[in-house]
Amino acid sequence: MTIDPPPDDRIPELYADGVFDIGFGNGMVRIDLFSLSALRKDGNGQPLPAIRQRVVMSLPGFLASLSALEGMRQRLEAAGVLPPNSAATPAPAPSHASPAAPAFQGQVQVPVQAAVQPASSAPAAPPIPPTRPRSPNFG
């Protein structure tokens with residue numbers, strides 16, 4: 001059975017400036033997407049991040065998504081849009097990120113930075129003690 005998508009003009013689109021947080025609980029991966037707020041500003045007048053949408057997927061779906069994203073990265077490198085070996089370059093931390101205060105810290109939480117940076121021989125940072133989730137959607 002094949003599912004035909006609706007015409008392009010009927011597919012809803014979502015814009016996000018990035019991933020705010022990724023969590024795992026009750027067998028599901030939850031990815032919080034953020035956009036910069038037009039109204040909320042920090043002390044320097046810079047826009048603050050606001051969580052706009054959450055993507056929830058099964059672990060197999062998440063792993064398949066990682067594979068698809070890696071394939072896109074490789075195609076962008078081949079097309080010259082990204083520099084070669086861009087996967088080996090750690091992504092810069094978002095300006096809103098504070099290692100001491102991520103949006104969610106639980107015993108099964110995988111910090112975004114650890115999830116996207118390649119493994120290195122450098123010693124790992126000490127684990128952040130678990131705290132109560134700020135959202136009841138995290139199990």
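**Exercise 1. Place Leu-63 in its helix and find the surface patch that includes Leu-63.**

Step 1: Leu-63 sits in helix H1, residues 59-78; helices (H or I, at least four residues) and strands (E, at least two) are DSSP runs, numbered from the N terminus.

Step 2: Leu-63 joins Leu-59, Leu-66 and Leu-69 in a nonpolar surface patch of about 370 Å². Patch members have over 30% relative accessible area and no salt bridge (side-chain nitrogen of Lys or Arg within 4 Å of a carboxyl oxygen of Asp or Glu), and nonpolar side chains are joined within 5 Å. Accessible areas are Shrake-Rupley values with a 1.4 Å probe.

A word on the model: it is predicted, with local features needing pLDDT of at least 70 and side-chain atom pairs pLDDT 80 or more, while totals for chains, interfaces and linings use all residues. Numbering starts from 1 along each chain, and side-chain values use heavy atoms, leaving out hydrogens and water.

**Exercise 2. Describe how E1 and E2 pair.**

Step 1: E1 (residues 18-25) and E2 (residues 28-41) are antiparallel, with 7 bridges; pairing requires at least two DSSP bridges.

Step 2: Ile-22 has Ile-31 in E2 as its bridge partner.

Step 3: The hairpin leaves 2 residues between the strands, and Asn-26 in the turn has a positive phi of about 50°.

**Exercise 3. List the largest nonpolar core and the contacts of Met-57.**

Step 1: The 6 core residues are Ile-22, Val-29, Ile-31, Leu-33, Met-57 and Phe-62. Such residues are buried (under 20% relative accessible area) and joined through side-chain atoms within 4.5 Å.

Step 2: E2 gives the largest share, 3 residues.

Step 3: Beyond four places in sequence, Met-57 touches Met-28, Val-29, Ile-31, Phe-62 and Ser-65 (heavy atoms within 4.5 Å).

Technical notes. Buried < 20%, exposed > 50% of the residue type's maximum accessible area, 1.4 Å probe, protein only. Patch = residues over 30% accessible without salt bridge, like charges linked within 9 Å, V, L, I, M, F, W, Y side chains within 5 Å.
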